[in-house]
Amino acid sequence: MRKKIVAGNWKMNKTLQEGVALATELKNTLAAEKPNCEVIIGTPFIHLATVSELLKDSVIAVSAENCANKESGAYTGEVSAAMVKSTGAEYVILGHSERREYYNETPEILKEKVDLALANGLKVIFCIGETEQERDNNQQEAVCKAELQGSVFHLTAEQWKNIVIAYEPIWAIGTGKTATAEQAEEIHAYIRKCVAEVYGAQAADDTTILYGGSCKASNAPELFGKPDIDGGLIGGASLKAPDFKGIIDAWK
Ligand code: PEP
């Protein structure tokens, strides 16, 4: 049975003190009412060690939002996968469209990051998804497949077990526009088919595929109700504990 996951992506939001306050609120909320899914919060690098320590005995796992494509050395300002792992974080989000677009992260660079993350014992939430123009041209399947082929389909079957896919249509991220549950299900089923072609039916069935893009408490139940949607990667709505909890509750 594949894992159901609700993962937050704080992006470049929250000072350390604000992040600690949010993580504490979430921890207390979920201690009082156990979630029916795995819960992950993706925080900026500087929060990782403190938040990981704070959430050590909780049901919440911690993720970085990025890591370097180099192992170590003279790369000023970069943070390696080994450093992320040493904070206690379990996951790293890679391939987010904001990283691809604003920081020129190519499929080759992402492939290096994925390899280093896995080699250092992190699990990877790997994001894929098309632009609005690509959707208008009905290219969403080709785009998703190419992004998988470019950065993760070289992995071994053993490595694949540590990959979570997040389908995030770029036109739905932070825009308030959500893919309909039918649109999302259609492409999730296609992504699972692509995974089956490379890793076999069982591995595809075991792969968690998240939806991301203006997901909120009001639309999460319908999205998560689809057979190939295994949860969500949540940006804006992960920044307030009640909003995030509302999405987690969609699994009830
Ligand atoms: C994201 O950036 O991963 C995301 C899904 O953002 P939002 O929920 O704000 O659309």
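In the predicted model, a backbone N or O atom of Gly236 lies 2.9 Å from an oxygen atom of the ligand. Gly174 likewise approaches through its backbone, an N or O atom of which is placed 2.6 Å from a ligand oxygen atom. His96 contributes a side-chain contact, with a polar atom 2.7 Å from an oxygen atom of the ligand. The ligand is surrounded by 14 residues, of which Lys11, His96, Glu168, Gly174 and Ser214 come nearest.

Two helix pairs were examined for their packing. Two packed helices are described by the angle between their axes and the distance between the axes. Helix H1, spanning residues 16-32, and helix H12, spanning residues 241-248, cross at roughly 40°, and their axes come within 10 Å. H1 and H12 are therefore oblique to each other, and H1 passes H12 in a right-handed crossing. On the H1 side, the contact involves Leu22, Glu25, Leu26, Thr29 and Leu30, which meet Ala241, Pro242, Phe244, Lys245 and Ile248 of H12. The residues of this contact comprise seven nonpolar, one polar and two charged.

The second pair consists of helix H7 (residues 140-151) and helix H9 (residues 181-199), which pack at an angle of about 40° with their axes 10 Å apart. This angle makes H7 oblique to H9. The crossing of H7 past H9 is right-handed. Gln140, Glu141, Cys144, Lys145 and Leu148 of H7 form the contact with Ile187, Tyr190, Ile191, Cys194 and Glu197 of H9. Six nonpolar, one polar and three charged residues make up the contact of H7 with H9.

Definitions and conventions: Residues are numbered from 1 along each chain as its sequence is written. This is a predicted model: local features need pLDDT of at least 70, side-chain atom pairs count only at pLDDT 80 or more; totals for chains, interfaces and linings use all residues. Side-chain values use heavy atoms; hydrogens and water are left out. Axes are lines fitted to C-alpha atoms, for helices over the stretch in contact, and angles run from 0 to 180 degrees between N-to-C directions. Helices (H or I, at least four residues) and strands (E, at least two) are DSSP runs, numbered from the N terminus. Angles under 35 degrees count as roughly parallel, over 145 as roughly antiparallel, 65 to 115 as roughly perpendicular and the rest as oblique. A crossing is left-handed if the near helix is turned anticlockwise from the far one by less than a right angle, and right-handed if clockwise. Contact means heavy atoms within 4.5 Å. Ala, Val, Leu, Ile, Met, Phe, Trp, Tyr, Cys and Pro count as nonpolar, Asp, Glu, Lys and Arg as charged, and the others, Gly among them, as polar. A residue is near a molecule or strand if one of its heavy atoms lies within 4 Å of it. A polar contact is a pair of N or O atoms within 3.5 Å; within protein, one must be able to donate a hydrogen and the other to accept it, and residues adjacent in sequence count only if both atoms are side-chain atoms.
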